[in-house]
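Hi,

Here is the structure I said I would pass on. Have a look at it first, and then read my notes below.

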Amino acid sequence: MNLILASTSVYRQRLLERLQLPFTCIAPETDETHLPGEAPPPLAARLARAKAAAVAARHPEALVIGSDQVASLDGSLLGKPGSHRQAVAQLEACSGKTLHFYTAVSLLGPGIDKTHTEPFTVDFRPLGNEEIEIYLRRDTPYDCAGSFKWESLGIALFERLHGNDPTSLEGLPLIALTRLLAESGHPVLARASSSSGRNSES
């Protein structure tokens with residue numbers, strides 16, 4: 001099986017490595033513009049499949065994984081902050097509220113076209129200005145939607161987490177992906193390999 005991850009995200013690469021399958025990373029180069037009135041779940045699903053399709057078009061013999069994550073707060077989309085100032089604004093807005101995540105994974109290959117969207121919610125505790133500053137300086141989550149790394153110090157920001165698959169919060173729902181692989185005739189545990197890892201291609 002020639003497995004390709006349609007992403008250059010280090011977070012998704014590390015997640016996929018947990019399945020111990022050899023894979024290659026290729027940048028999908030897709031347009032991620034939101035359509036007017038598009039709700040978060042279908043947006044995540046559309047972009048995940050678009051990423052997989054962009055790479056599958058160049059590698060039709062391969063099994064391609066695409067993924068996308070959309071965060072929504074009070075009905076508004078929350079992207080990657082990109083800067084300390086914007087991260088402060090995001091965490092101030094999330095303080096004491098619930099942030100909804102929709103993480104989609106798409107699997108495309110010869111005779112295979114499957115997509116799943118995994119919901120997950122994060123309840124923030126009330127956050128003070130000093131706490132926000134301390135957290136951001138320590139964890140620097142400026143490339144993460146919602147301005148936190150839950151797998152790191154970000155766990156200190158929350159009251160509770162709701163969802164079936166915590167890996168979806170990191171950007172790639174591995175439970176759903178494992179199921180999609182099995183349904184496609186490529187069960188993870190049946191394909192034990194002595195070698196695993198990744199190569200990147202742009």
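Keep in mind that this is a predicted model. I started with strand β5, residues 98-109, which is mostly covered: 10 of its 12 residues are buried.

β5 has a partner in β3 (residues 63-73), and the two pair in the antiparallel sense through nine bridges. If you want a spot to find that pairing on screen, go to Gly66, whose bridge partner in β5 is Ser106. β5 also pairs with β6 (residues 112-124), again antiparallel, and here 12 bridges join the strands. At the turn end of things, Gly109 stands opposite Ile112 of β6. β5 and β6 make a hairpin with two residues between them, and Gly111 in that turn has a positive phi of about 75°.

Next, Ser67, which sits in strand β3. Is Ser67 buried or exposed? Its relative accessible area is 3%, and the cut-off for buried is under 20%, so Ser67 counts as buried.

What does the side chain of Ser67 reach? One polar contact goes to the backbone oxygen of Ala104, at 2.8 Å. Another polar atom pair links the Ser67 side chain with the backbone oxygen of Gly171, at 2.9 Å. Leaving aside residues up to four places away in sequence, Ser67 touches Arg12, Ala48, Lys51, Thr103, Ala104, Val105, Gly171, Leu172 and Pro173. For a sense of scale, the C-alpha atoms of Ser67 and Phe124 are 25 Å apart, with 57 residues separating them along the chain.

Finally, two backbone oddities in loops. Most residues other than glycine have a negative phi, so a positive one is worth a look when you browse the model.

- Glu29 is not a glycine, yet its phi is positive, near 55°. Glu29 lies in the loop between β2 (22-26) and α2 (40-56). With 66% relative accessibility, against a cut-off of over 50%, Glu29 counts as exposed.
- Thr140, also not a glycine, has a positive phi of about 40°. You will find Thr140 in the loop between α4 (129-139) and β7 (158-163). Thr140 has a relative accessible area of 39%, which falls between the 20% and 50% cut-offs, so Thr140 is partly exposed.

That's what I have for now. Shout if anything is unclear.

Cheers

Terms used:
Residues numbered from 1 in each chain as written. Predicted model: local features only at pLDDT ≥ 70, side-chain atom pairs only at ≥ 80, totals over all residues. Heavy atoms only, no water. Buried < 20%, exposed > 50% of the residue type's maximum accessible area, 1.4 Å probe, protein only. Helix = DSSP H or I, 4+ residues; strand = E, 2+ residues; numbered from the N terminus. Pairing = 2+ DSSP bridges. Contact = heavy atoms within 4.5 Å. Polar contact = N/O pair within 3.5 Å; in protein donor to acceptor, adjacent residues only side chain to side chain.
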